Amino acid sequence: MRASYKNSIQRRLGVLGLGTSPGLSFSNQIVRTAARAVPFSDKTRWTGLAYIHMHEYAREIKQQEQEKIDLLQFTALTLVIRTLRRARTHHRHSREILLITRVPRMKDIYAQFQKDGYVILEDFFQPEEIEELRACGEEFTNKLPPESERKVFSTIQYPQNKDKYFLDSTNKISVFFESEALEEDGKLKVHPRVSLNKVGHALHWLHPTFKKFTFDERVKEIAFQLNYEEPMVCQSMYIYKNPGIGSEVTMHQDASYLYVEPMKLVGFWIALEDATLENGCLWIAPGSHQSGTHRRYMRNKDSNSQELLIFDRPAPCYPLSNFRPVPVRKGTCILIHGQVVHFSYPNKSETSRHTYIFHVIETKHVLYSKENWLQPPAEGFASFYKN
Ligand SMILES: O=C(O)CCC(=O)C(=O)O
């Protein structure tokens with residue numbers, strides 16, 4: 001086993017408050033130590049499950065070429081430790097166990113994330129799971145607000161800067177229209193199904209289906225692999241990018257909106273439909289996360305101003321040649337570093353490009369800015385590992 005894998009396992013054990021004892025094989029040490037640490041009466045079941053993971057992988061390991069063995073062994077240990085971590089904190093039932101066993105094989109997500117500022121995880125959710133999420137997105141378009149209450153979201157004109165509805169959407173499920181979808185009086189120019197720009201910003205907490213997928217074990221595993229110790233979910237959005245009308249999302253860093261110090265923010269961008277060059281896939285500037293936060297979007301301290309939200313600096317000018325398109329199939333999750341610069345073109349095609357996106361911040365030794373436009377609800381943001 002390579003030293004880096006071993007270090008990673010040891011770090012995980014540290015987070016669990018476990019140590020290893022000498023004289024046993026490394027995997028056995030882990031399972032035994034972990035077994036001792038599971039504090040409740042159901043411990044046999046959980047540690048049994050951990051052993052099953054080990055044996056399943058051991059069988060597979062025997063049939064593999066040498067270079068694949070490290071990775072398999074690492075994956076097996078990951079599963080074992082995650083199972084036990086879950087057992088310690090939650091003591092949930094069989095559905096959870098099933099989900100645990102379906103975690104996709106991990107590449108070295110952390111290294112790739114640090115190097116490029118993004119990671120593509122294909123087939124992250126199953127087709128039927130994607131359909132479930134998409135159906136919920138469609139459902140919102142069946143219950144649009146009355147004409148006089150319809151609001152537009154745009155990263156070009158920023159009408160939301162003057163809009164209390166937007167400011168109040170932080171802890172609600174609020175709908176925002178495409179600017180091209182509405183007449184001045186709020187009447188629709190297009191079919192309701194293609195009229196929305198997005199829905200946000202607390203789907204992860206207030207909507208049972210989005211909550212289920214946001215706090216899914218597979219998602220938590222990613223946060224764990226990215227070294228998040230006390231992560232919290234701070235916002236979520238359903239983005240429609242509808243055919244012919246879906247507007248551009250201009251070049252930006254998510255850190256401008258959700259600033260934390262030191263910076264530890266990740267977006268989970270989940271494709272609910274194929275995202276292509278034609279329908280407005282993401283474009284990302286690899287490595288651009290290594291140059292700090294370029295500007296911030298915050299609450300305006302000037303109470304006499306009509307602008308409730310302002311940028312502290314003008315938009316930087318990013319050369320297009322720095323970006324590369326990231327077309328992905330539905331079911332893919334793209335992890336987006338808070339400081340990596342990205343954008344998407346308007347969707348001029350005939351197919352929609354629905355996405356579910358949510359953002360996770362670290363809270364251990366990290367401060368969420370009180371100046372950010374989005375502030376936590378009275379009870380605080382939702383803890384990621386504990387829900
Ligand atoms: O989905 C898109 O087109 C861009 C979304 C995005 O960049 C964001 O919400 O931060």
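# Report on the ligand shell, strands and backbone

The shell around the ligand is made up of 4 nonpolar, 3 polar and 2 charged residues. In this division Ala, Val, Leu, Ile, Met, Phe, Trp, Tyr, Cys and Pro count as nonpolar, Asp, Glu, Lys and Arg count as charged, and the others, Gly among them, count as polar. The structure is a predicted model, in which local features need pLDDT of at least 70 and side-chain atom pairs count only at pLDDT 80 or more, whereas totals for chains, interfaces and linings use all residues. Residue numbers start from 1 along each chain as its sequence is written.

**Overall description**

The chain has 387 residues, of which 38% are buried. A residue is buried if 20 or more other C-beta atoms lie within 10 Å of its own, exposed if there are 12 or fewer, and partly exposed in between, with C-beta atoms placed from the backbone. The secondary structure comprises 11 helices and 16 strands. These elements are DSSP runs numbered from the N terminus: helices are H or I runs of at least four residues, and strands are E runs of at least two. Among the contacts in the chain with a separation of 6 or more, 79% join residues 24 or more positions apart. Two residues are in contact if their C-beta atoms, placed from the backbone, lie within 7 Å.

The average pLDDT of the chain is 82, and 72% of the residues score at least 70. This quantity is the predictor's confidence in each residue, from 0 to 100. For residues 37-46 the pLDDT stays under 50, and the model has 17 contacts beyond four places in sequence for them. The pLDDT is also below 50 over residues 90-106, a stretch with 25 contacts in the model beyond near neighbours in sequence.

**Ligand shell and sheet**

The ligand is surrounded by I239, K241, V249, D254, L282, H342, S344, T355 and I357. A residue is near a molecule or strand if its C-beta atom, placed from the backbone, lies within 6 Å of it. Two or more residues of this shell come from each of β13 (342-344) and β14 (355-362).

Strand β13 also belongs to an open sheet of 4 strands, ordered β5-β13-β8-β11 with antiparallel pairing. Strands pair if DSSP finds at least two bridges between them. Each of β5 (249-252) and β11 (324-326) is an edge strand with a single partner, so one side of each has no neighbour in the sheet. On average, neighbouring strands of this sheet are turned by 25° against each other, direction ignored. Such angles run from 0 to 180 degrees between N-to-C directions, and the axes are lines fitted to C-alpha atoms, for helices over the stretch in contact.

Within the sheet, β8 (residues 282-284) pairs with β13 in the antiparallel sense over 3 bridges. L282 stands opposite S344 of β13, and both L282 and S344 are among the residues around the ligand.

**Strands β6 and β15**

V260 lies in β6, while L367 is placed in β15 (residues 367-368). Although V260 and L367 are 107 residues apart along the chain, their C-alpha atoms are separated by 5.4 Å. V260 and S369 are 109 residues apart in sequence, with a C-alpha to C-alpha distance of 5.7 Å.

Not counting residues up to four places away in sequence, V260 touches L265, I361, V366, L367, Y368 and S369. On the same basis, L367 is in contact with V260 and E261. V260 counts as partly exposed because 19 other C-beta atoms lie within 10 Å. L367 counts as exposed because it has 11 C-beta neighbours inside 10 Å.

**Backbone geometry**

Most residues other than glycine have a negative phi, and most peptide bonds are trans. The peptide bond from E261 to P262 is cis, with omega near -10°; P262 is in the loop between β6 (260-261) and β7 (265-271). A cis peptide bond also joins G200 and H201, with omega about 5°, and H201 lies in β3 (residues 196-201).

The following residues have a positive phi.

| Residue | Phi | Place |
|---|---|---|
| D123 | about 50° | loop between β1 (118-121) and α7 (127-140) |
| Y158 | near 50° | loop between α7 and α8 (164-167) |
| N227 | about 70° | just after α11 |

D123 is exposed because it has 12 C-beta neighbours inside 10 Å. Y158 is partly exposed because it has 18 C-beta neighbours inside 10 Å. In helix α11 (residues 217-225), the buried residues are V219, K220, E221, I222, F224 and Q225.
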